[in-house]
Amino acid sequence: MYTSILELDGNKFIGTLDMYVLKKIQDDLLQEGEKTTIPNIFIKLSKFDMLYISSFVLNTLSRINEIDSDKFLEVYLKEAADDLERLNRFNTIFSYINDIMTKCLPKTKESKEESIFEDDYLLYEDKDWELDYMEYIWNSIIGRNDNFWNITPKNYFEQLNIYKKFNNIKTEEVEMF
């Protein structure tokens, strides 16, 4: 399990980003009236949307320890002494988000700026990841017996790419539903 540490006001919080967290973020945002896709979550994070940032941080922290999530909220909502302290908090949070995404999401190809989702339906904001289909691929096709909901997107896509390479499957040949 890949984890990241968020240090804020003398407190250390540990979080992770797995398939369960992504689903929880979607559910959390839906309760706030935001029906969204997983790719859109990443887009909104990059645009500094505070609703998405808050949901992302709280859910990644609560995956490891629910108490950390509650404690983080307490620290986060505490009034900052000045603008510099407020700015430092935001920088720390954005650094945490960057770190956890770097550790838990698939790496980009070195030769290209686009993600490995290039030309894939997973990249498009209006197309969601089909988690039930992905779980089927993980368990039945790839033959993994570890819990799909506990794996990171990085693990999933790396294993899928290894399976395709080992079985000489070209990306174009894989039918997406």
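**Figure 1. Glu 85 and its salt-bridge partner in helix H5 of the predicted model.** Glu 85 has a relative accessible area of 21% and is therefore classed as partly exposed. Its side chain meets that of Arg 89 in a salt bridge, with an N to O distance of 3.3 Å. Both residues belong to helix H5, which spans residues 83-104, and they lie four residues apart, about one turn of the helix. Arg 89 counts as buried because its relative accessibility is 6%, under the 20% limit for that class. The pair also takes part in a network of salt bridges that links Asp 9, Lys 78, Glu 85 and Arg 89.

**Figure 2. Asp 9, a network member with positive phi.** Asp 9 is found in the loop between S1 and S2. Its phi is near 50°, a positive value in a residue other than glycine. Most residues other than glycine have a negative phi. With a relative accessible area of 37%, Asp 9 is partly exposed. A positive phi also occurs at Asn 168, where the angle is about 55° although the residue is not a glycine. Asn 168 lies in the segment after H7 and is exposed, at a relative accessible area of 56%.

**Figure 3. Salt bridges within helices H1 and H4.** The whole structure contains 10 salt bridges. Side chains of opposite charge can pair when their charged atoms come close. In helix H1, Lys 23 forms a salt bridge with Asp 27, and the closest N and O atoms are 3.9 Å apart. These two residues are four positions apart, about one turn of the helix. Lys 23 has a relative accessible area of 33% and is partly exposed; Asp 27, at 35%, is also partly exposed. In helix H4, Glu 74 forms a salt bridge with Lys 71, the closest N and O atoms being 3.5 Å apart. Because Glu 74 and Lys 71 are three residues apart in this helix, about one helical turn separates them. Glu 74 is exposed, at 52% relative accessible area, whereas Lys 71 is partly exposed, at 31%.

**Figure 4. Side-chain contacts of the buried residue Asp 18.** Asp 18 is placed in the loop between S2 and helix H1 (19-31). Its relative accessibility is 2%, so the residue counts as buried. A polar atom of the Asp 18 side chain lies 2.9 Å from the backbone nitrogen of Val 21. The side chain of Asp 18 also makes a polar contact with the side chain of Arg 63, at 2.8 Å.

**Figure 5. The aromatic pair of Phe 13 and Phe 72.** A search of the whole structure finds 10 aromatic pairs. In the pair shown, the ring centres are 5.8 Å apart and the planes stand at 85°, so the arrangement of Phe 13 and Phe 72 is edge-to-face. The pair links distant parts of the chain: Phe 13 is in strand S2 (residues 11-15) and Phe 72 in helix H4 (residues 66-77), with their positions 59 residues apart. Both Phe 13 and Phe 72 are buried.

**Figure 6. Phe 148 and Trp 149 within an aromatic cluster.** Phe 148 and Trp 149 form an edge-to-face pair, at 5.2 Å centre to centre and 80° between the planes. Phe 148 is buried, with a relative accessible area of 1%, while Trp 149 is partly exposed, at 24%. Ring pairs join these two residues with Phe 42, Trp 129, Trp 138, Tyr 156 and Phe 157 in a cluster.

**Figure 7. A nonpolar surface patch that includes Ile 5.** Met 1, Ile 5, Ile 14 and Ile 64 form the patch, and together they have about 390 Å² of accessible area. Ile 5 lies in strand S1 (residues 4-8) and is partly exposed, at 47% relative accessibility.

**Figure 8. Lys 154 over the ring of Tyr 2.** The charged end of Lys 154 sits over the ring of Tyr 2, at 4.8 Å from the ring centre.

**Figure 9. Glu 158 in helix H7.** Glu 158 is found in the helix spanning residues 153-166 and is partly exposed, at 32% relative accessibility. The C-alpha atoms of Glu 158 and Lys 107 are separated by 9.1 Å, although the two residues are 51 apart along the chain.

Definitions and conventions:
Residues are numbered from 1 along each chain as its sequence is written. This is a predicted model: local features need pLDDT of at least 70, side-chain atom pairs count only at pLDDT 80 or more; totals for chains, interfaces and linings use all residues. Side-chain values use heavy atoms; hydrogens and water are left out. Buried means under 20% relative accessible area, exposed over 50%, partly exposed in between (1.4 Å probe, protein chains only). Patches are made of residues with over 30% relative accessible area and no salt bridge: like charges are joined within 9 Å, nonpolar side chains (Val, Leu, Ile, Met, Phe, Trp, Tyr) within 5 Å. Accessible areas come from the Shrake-Rupley method with a 1.4 Å probe; for residues, only the protein chains shown count as cover. A salt bridge is a side-chain nitrogen of Lys or Arg within 4 Å of a carboxyl oxygen of Asp or Glu. Rings of Phe, Tyr and Trp (its six-membered ring) pair if their centres lie within 6.5 Å; planes under 30 degrees apart count as stacked, over 60 as edge-to-face and the rest as tilted. A charge sits over a ring if NZ of Lys or CZ of Arg is within 6 Å of the ring centre and within 35 degrees of the ring normal. A polar contact is a pair of N or O atoms within 3.5 Å; within protein, one must be able to donate a hydrogen and the other to accept it, and residues adjacent in sequence count only if both atoms are side-chain atoms.
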